[in-house]
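Grab a coffee and work through these exercises with the structure open beside you. Try each task before you read its solution.

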Amino acid sequence: MIKRITIISGKKDSPIPKVTPEQLFQAHPLWARDIEHFSPWNSEDAEYRTYSTWLSGARAGRPIAICGSCISSIDVAWRLNALEDLPEWGSVLAVEQNTGRGQVRREWISPPGNIYGTIKWPSLPTGAPGEVRPVWTRILPLVVGYLVCRALKDIGIETQLKWPNDILKDGKKIGGILIEERGSVIMVGIGLNTSSAPQRDKLRPDHAVTATKINTDDMQLGPLETWIQLIDYFKNQFDAIVSTQDPEDFLKTLADQLVWFGEEVRIVDGPKEVSVGRICGLCPDGGLIIEKDGIKHEVYSGSVMPI
Ligand SMILES: O=C(O)CCCC[C@@H]1SC[C@@H]2NC(=O)N[C@@H]21
């Protein structure tokens with residue numbers, strides 16, 4: 001993939017959708033703004049590729065492939081990876097997903113206007129000798145959640161991280177993270193409700209906090225412009241974190257930034273003995289520590305909900 005911003009359009013029989021810059025322009029007013037901002041888009045076609053491209057006149061620090069209405073940006077990223085067309089920190093940004101997926105294969109409703117991005121995450125530093133999975137990989141959901149919150153803060157949006165990787169604004173969900181691993185390759189999918197959020201009746205009763213959107217009358221984040229900012233932030237900060245910090249120290253700093261830290265919460269579908277307790281920290285492998293009746297429990301599953 002060319003190290004710039006490209007719109008990719010599948011040729012015959014390709015699982016990558018066919019799309020033109022004009023169609024993206026029509027998809028949503030914020031996409032129209034982004035398409036205009038990053039124009040001109042120059043058409044290119046290489047016979048050996050199963051997709052043709054439009055190359056933006058503007059440059060980005062990392063390669064970004066924009067695709068139209070696809071199954072899911074994670075699937076397109078896996079496809080590009082199989083074609084050896086997605087380098088580390090390369091990403092796919094979908095305008096719309098027909099089968100967007102969330103944690104435990106729940107549906108992720110994905111109309112145009114929001115961010116549906118997937119990044120090929122770089123290989124992670126290995127931990128102790130003989131360690132099967134590098135510790136940074138095991139705690140990656142928390143690291144990415146932390147980076148998303150910090151990157152949004154940089155843009156001027158205050159958010160909180162709900163263990164393990166939900167992004168909240170004023171206690172309501174504005175985004176989520178889905179990590180998939182195949183062999184040594186890690187794809188990080190990030191969904192952010194910039195322009196719209198699913199209604200309460202589309203969410204699981206009792207398991208999901210209410211959803212909301214980020215954009216306000218005063219702040220209108222465009223999907224592409226924001227995605228470029230996020231990727232640049234992730235790369236710079238992730239490199240700095242893993243090269244200067246110990247995973248355990250990182251988790252200690254992160255713990256008290258979790259939403260509802262120190263407060264009583266409900267754990268829905270978690271271990272039987274802790275349906276209610278106080279968040280009091282994180283284990284070295286990223287589990288949540290919940291205190292109940294003076295006993296500390298390690299929680300690795302379930303949804304954290306306010307009382
Ligand atoms: O909170 C969750 O359940 C995780 C949601 C992850 C959604 C993103 S959008 C980009 C990528 N493609 C998908 O189908 N899912 C992830």
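**Exercise 1: a strand pair**

In which sense do strand S2 (residues 41-44) and strand S3 (residues 51-56) pair, and over how many bridges?

*Solution.* A word on the ground rules before we start. This is a predicted model, where local features need pLDDT of at least 70, side-chain atom pairs count only at pLDDT 80 or more, and totals for chains, interfaces and linings use all residues. Residues are numbered from 1 along each chain as its sequence is written, and side-chain values use heavy atoms, with hydrogens and water left out.

Step 1: know the terms. Strands (E, at least two residues) and helices (H or I, at least four) are DSSP runs numbered from the N terminus, and two strands pair if DSSP finds at least two bridges between them.

Step 2: look at the pair. S2 and S3 run antiparallel and share four bridges. Take Glu44 as an example: its bridge partner in S3 is Thr53.

Step 3: look at the link. The two strands make a hairpin, with six residues between them.

**Exercise 2: helix H3 and its ends**

Why can we call helix H3 (residues 73-82) largely enclosed by the rest of the structure?

*Solution.* Step 1: set the cut-offs. Buried means under 20% relative accessible area, exposed over 50%, and partly exposed in between, using a 1.4 Å probe and protein chains only.

Step 2: go along the helix. Ser73, Ile74, Val76, Ala77, Trp78, Leu80 and Asn81 are the buried ones in H3. That is seven of the ten residues, so the helix is largely enclosed by the rest of the structure.

Step 3: check the ends. At the N-terminal end, Ser72 acts as the cap, with a side-chain oxygen 3.1 Å from the backbone nitrogen of Ile74. That fits a polar contact (a pair of N or O atoms within 3.5 Å; within protein, one must be able to donate a hydrogen and the other to accept it, and residues adjacent in sequence count only if both atoms are side-chain atoms). Just past H3, Glu84 has a positive phi of about 55°.

**Exercise 3: around the ligand**

How many residues surround the ligand, and which are the closest?

*Solution.* Step 1: count. A residue is near the ligand if one of its heavy atoms lies within 4 Å of it. The shell has 20 residues, and the closest are Ser72, Gln97, Arg101, Gln103 and Lys173.

Step 2: pick out the polar contacts. Ser72, the cap of H3, has a side-chain N or O atom 2.9 Å from an oxygen of the ligand. Arg101 uses a backbone N or O atom, 2.6 Å from a ligand nitrogen. Gln103 also brings a backbone N or O atom, 2.7 Å from a ligand oxygen. On its own the ligand has 410 Å² of accessible area, and the protein covers 98% of it (Shrake-Rupley method, 1.4 Å probe).

Step 3: see where the shell comes from. H3, strand S6 (115-121), strand S9 (172-182) and strand S10 (185-192) supply at least two residues each. S9 gives the most, with four.

**Exercise 4: two tucked-away loop residues**

Is Arg62 buried or exposed?

*Solution.* Step 1: locate Arg62, which sits in the loop between S3 and strand S4 (64-70).

Step 2: read the accessibility. Arg62 has 17% relative accessibility, so Arg62 counts as buried.

Step 3: list the contacts (heavy atoms within 4.5 Å). Leaving aside neighbours within four places in sequence, Arg62 touches Arg4, Trp89, Ile231, Asp232, Lys235 and Asn236.

Step 4: follow up on Trp89. This residue lies in the loop between H3 and strand S5 (91-97) and is buried, at 6% relative accessible area. Trp89 also has a positive phi of about 70° although it is not a glycine.

**Exercise 5: unusual backbone spots**

Which residues does the cis peptide bond with omega about 0° join?

*Solution.* Step 1: the bond joins Trp163 and Pro164. Pro164 is in the loop between strand S7 (160-162) and strand S8 (166-169).

Step 2: add the bond from Ser39 to Pro40, which is cis with omega near 5°. Pro40 is in the loop between helix H2 (29-37) and S2.

Step 3: finish with Val104, a residue other than glycine with a positive phi near 40°. Val104 is in the loop between S5 and S6 and counts as exposed at 66% relative accessibility.
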